[in-house]
Amino acid sequence: MRIRDATPADAEAVRRVHADSIQSLGPEAYSQEQVEAWALGCESADYAAAIRETDAFLVADRDGEVVGFGSLNLEPSGEDYESSVDAEITGVYVHPSVVREGVGTALYGELEDRARVADVDSLGLLASRNAVSFYEAMGYARVAEREHEFSSRESTGVTGTVVEMATDL
């Protein structure tokens with residue numbers, strides 16, 4: 001497996017990994033209605049634009065197949081973080097077929113390395129409840145819980161709890 005920069009040509013593979021991950025792993029922490037609303041956003045998301053516009057958008061490539069992805073913004077998004085953070089991990093997702101094989105850890109490690117190169121001192125993120133233990137293993141601490149509308153751009157009206165987390169580099 002290798003971690004590499006994503007290209008717009010990876011957009012459909014990223015969409016598949018994202019949707020499959022949500023639908024397979026989401027039920028560990030959310031209701032079926034919440035998972036369906038969350039996955040709905042994958043259908044209309046412009047992954048090619050996200051790949052072009054995100055400071056670091058990486059994929060895990062195993063034998064030519066994308067099995068995971070992760071992204072980093074060097075400036076926090078419009079989210080109102082309770083903690084003061086310099087940059088934001090906007091997601092780390094792996095295909096259900098490679099869960100607990102080190103793919104997410106490798107992706108996260110490269111994102112953190114890129115943040116360090118950019119002189120970032122702290123990272124924040126909003127974690128789904130099913131991902132909290134992963135981020136805790138990466139050194140994050142819980143800051144707060146908040147309600148989040150799943151796929152808000154689709155106006156699903158379906159909400160669930162996410163966890164704000166932060167770490168110092």
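The charged end of arginine 129 sits over the ring of tyrosine 30, 4.7 Å from the ring's centre. "Over a ring" here has NZ of Lys or CZ of Arg within 6 Å of the ring centre and within 35 degrees of the ring normal. Keep in mind that this is a predicted model: local features need pLDDT of at least 70, side-chain atom pairs count only at pLDDT 80 or more, and totals for chains, interfaces and linings use all residues. Residues are numbered from 1 along each chain as its sequence is written, and side-chain values use heavy atoms, with hydrogens and water left out.

Now for the rings that meet other rings. There are eight aromatic pairs, where rings of Phe, Tyr and Trp (its six-membered ring) pair if their centres lie within 6.5 Å, with planes under 30 degrees apart called stacked, over 60 edge-to-face and the rest tilted. Take phenylalanine 57 and phenylalanine 69: their ring centres are 5.7 Å apart and their planes at 5°, so this pair is stacked. It ties together distant parts of the chain, with phenylalanine 57 in strand β2 and phenylalanine 69 in strand β3, twelve residues apart. Both phenylalanines are buried (under 20% relative accessible area; exposed is over 50% and partly exposed in between, with a 1.4 Å probe and protein chains only).

Phenylalanine 134 and tyrosine 135 make an edge-to-face pair, because their planes are at 75°, with centres 5.1 Å apart. Tyrosine 135 is buried at 5% relative accessible area, whereas phenylalanine 134, at 24%, counts as partly exposed. Ring pairs link these two with Tyr108 and Tyr140 into a cluster.

Back to β2 and β3. Helices (H or I, at least four residues) and strands (E, at least two) are DSSP runs, numbered from the N terminus. Strand β2 (residues 56-62) runs antiparallel to β3 (residues 65-73), and seven bridges join them; valine 59, for one, has phenylalanine 69 as its bridge partner in β3. Two strands pair if DSSP finds at least two bridges between them. The whole open sheet has seven strands in the order β1-β2-β3-β4-β5-β7-β6, with mixed pairing. Its edge strands, β1 (2-5) and β6 (141-149), each pair on one side only.

Tyr108 leads us to helix α4, where it is among the buried residues, along with Val103, Gly104, Leu107, Leu111, Glu112 and Ala115. Down the axis of α4, these buried residues fall within an arc of 160° (taken from the directions from the helix axis to the C-beta atoms), so they line one face of the helix. After α4 comes aspartate 119, with a positive phi near 60°.
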